[in-house]
Amino acid sequence: AASGLYDVSVIALAVPGPGGPVEVGHFQAEVTSGPTFPSACVARMALLVDDPSDPSGGGFVEESLGEPDGDITLPATVMAGDRILVYVLPRDSSGNKTRWSGGERIAVSARGPAETTFEPLDAVGAFASTMQTSGAYSVAALVGDCSVAGWPRVLQVVAGPCDPDRCVLSGDALGA
């Protein structure tokens, strides 16, 4: 059941006499989330991009499609050099939002053309990495030994923009 506050009505269906079903009681019940359940946890991916509102050009902002605690993920194609953020979010066995109890082993990793580590950030369950090599990566998010719901995911990294300082001109016609 989803956690939250519920209004509950008790209805008597078989009541003698005319009138049909009758409400015989009413109360409120609060359903709270349970402990973290590793395979029900979710993760979301976001990008860290230049902040267009920062006139100095030194600020960054997270580009995301969902709420900070939602499991909506950006499209699965990013550019080499992009800073990728992954948030592993705690859920109970019914999928309700809950809190980390402490001591959980949370990890994010990527396998592909280059082995990529995701460094933990200050917030529990938050990780970041900069993908430098183009290609297809399998990104895994784990709580303990369990993959979180819907993961691993494939992330396609495409070549970034051309850097003129790193271009090389070659060919037979270039010799004197």
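Which residue forms a salt bridge with Asp 145? The partner is Arg 105. In this predicted model, the closest N and O atoms of the pair are 3.4 Å apart. Asp 145 sits in the loop between β11 (135-143) and β12 (146-147). Arg 105 sits in the loop between β6 (83-89) and β7 (106-111). The two residues are 40 apart in sequence, so their bridge ties together distant parts of the sequence. Both Asp 145 and Arg 105 are exposed.

A search of the whole structure turns up two salt bridges. The other one joins the side chains of Glu 115 and Arg 111, with an N to O distance of 3.7 Å. Here, too, the partners are exposed: Glu 115 and Arg 111.

Now step back to the overall fold. The protein has 13 strands and zero helices. Read along the sequence, the pattern is β-β-β-β-β-β-β-β-β-β-β-β-β. Many contacts reach far along the chain. Take contacts between residues at least 6 apart in sequence: 58% of them join residues at least 24 apart.

Next, the surface. The protein exposes about 11000 Å². Carbon and sulfur atoms supply 56% of that area. Of the 176 residues, 27% count as buried.

What lies inside? In soluble globular proteins, nonpolar side chains tend to be buried together. This model has a largest nonpolar core of 23 residues. Within this core, Ile 84 and Val 88 touch the most other members. Several strands contribute. β3 (42-50), β6, β7, β11 and β13 (153-158) each supply at least two core residues. The largest share comes from β11, which gives four residues.

Val 88 is a good place to look at the contacts in detail. Leave aside residues up to four places away in sequence. Val 88 then touches Val 42 and Ala 43, as well as Trp 100, Ile 106 and Val 108. Further along the sequence, Val 88 also touches Gly 125, Phe 127, Ala 141, Val 143 and Val 148.

There is also a second core, separate from the one above. This second core has seven residues, including Ala 46, Tyr 87, Leu 89 and Ala 126.

To retrace the route on the model, start at the exposed pair Asp 145 and Arg 105. Move on to the bridge between Glu 115 and Arg 111. Then turn to Ile 84 and Val 88 in the largest nonpolar core. Finish at the second core, with Tyr 87 and Leu 89 among its residues.

Terms used: Residues are numbered from 1 along each chain as its sequence is written. This is a predicted model: local features need pLDDT of at least 70, side-chain atom pairs count only at pLDDT 80 or more; totals for chains, interfaces and linings use all residues. Side-chain values use heavy atoms; hydrogens and water are left out. Buried means under 20% relative accessible area, exposed over 50%, partly exposed in between (1.4 Å probe, protein chains only). Contact means heavy atoms within 4.5 Å. Accessible areas come from the Shrake-Rupley method with a 1.4 Å probe; for residues, only the protein chains shown count as cover. A salt bridge is a side-chain nitrogen of Lys or Arg within 4 Å of a carboxyl oxygen of Asp or Glu. A nonpolar core is a set of buried Ala, Val, Leu, Ile, Met, Phe, Trp, Tyr and Cys residues joined through side-chain atoms within 4.5 Å.
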